[in-house]
Amino acid sequence: VAGTGIISADGSVAPIGGIRQKMVGAREAGATVFLAPEGNCASVVGRVPDGLSVVKISTLHQARAALDEIAAHGPDSPALPRCG
């Protein structure tokens, strides 16, 4: 699992630059799941490397819940929020 974003003191996750390159790097490093800030979804759609599942998040709490869902039901769980 890999992820990116700017986490503020209140737990919100803001978008970052270079997400396409970060997804490629994460996949090359062996990640199969990538947690992406909701604000980066427009840059993610149609550009996800093969073998990588992208989950959108907007808070640290959502990131933790996504990890719990992945642990319980796998990265293809329909309960996980996606970009697009």
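This is a short talk about the fold of one small protein chain and the disulfide inside it, based on a predicted model.

Okay, hi everyone. Before anything else, please keep in mind that we're looking at a predicted model.

Let's start with the overall layout. The protein has three helices and five strands. If you trace the chain from the N terminus, the elements come in the order β-β-β-α-β-α-β-α. So what about the overall dimensions? Along the principal axes, the C-alpha trace spans about 35 × 30 × 25 Å. There's also a nice check you can do with the radius of gyration. For 84 residues, a compact globule would come out near 12 Å, and this protein has 12 Å, which means the two agree.

Next, inside versus outside. Of the 84 residues, 35% are buried. The surface that the protein exposes adds up to about 4700 Å², and carbon and sulfur atoms supply 54% of that. As for charges, there are 7 positive and 7 negative ones, and their mean positions sit 6 Å apart.

How does the chain meet itself? Take the contacts between residues at least 6 apart in sequence: 48% of them join residues at least 24 apart.

Now for the disulfide. Quick reminder for the first-years: a disulfide is a covalent bond between the sulfur atoms of two cysteines. How many disulfides does this structure hold? Just one. The partners are Cys41 and Cys83, and their sulfur atoms are 2.0 Å apart. Where do these two cysteines sit along the chain? Cys41 is in helix α2, which covers residues 41-44, while Cys83 is in the segment after α3, the helix at 60-73. That puts them 42 residues apart, and the pair links distant parts of the chain. The angle about the S-S bond is -65°, and the link is left-handed. Are these cysteines buried or exposed? Both Cys41 and Cys83 are buried.

One last stop, and that's Asn40. You'll find Asn40 in the loop between β4, residues 33-37, and α2. Why does Asn40 count as buried? Its relative accessibility is 5%, and the cut-off for buried is under 20%, so Asn40 falls in that class. And who does Asn40 touch? Leaving out residues up to four places away in sequence, Asn40 touches Pro15, Ile16 and Ile19.

So, to take home: one disulfide, joining Cys41 and Cys83, with both cysteines buried. Thanks for listening!

Methods. Residues are numbered from 1 along each chain as its sequence is written. This is a predicted model: local features need pLDDT of at least 70, side-chain atom pairs count only at pLDDT 80 or more; totals for chains, interfaces and linings use all residues. Side-chain values use heavy atoms; hydrogens and water are left out. A disulfide is a pair of cysteine sulfur atoms within 2.5 Å. Helices (H or I, at least four residues) and strands (E, at least two) are DSSP runs, numbered from the N terminus. Buried means under 20% relative accessible area, exposed over 50%, partly exposed in between (1.4 Å probe, protein chains only). The radius of gyration is taken over C-alpha atoms; the globule rule is 2.2 Å times the number of residues to the power 0.38. Contact means heavy atoms within 4.5 Å. Accessible areas come from the Shrake-Rupley method with a 1.4 Å probe; for residues, only the protein chains shown count as cover. Lys and Arg count as positive and Asp and Glu as negative; His and the chain ends are not counted. The place of a charge is taken as NZ of Lys, CZ of Arg, CG of Asp or CD of Glu.
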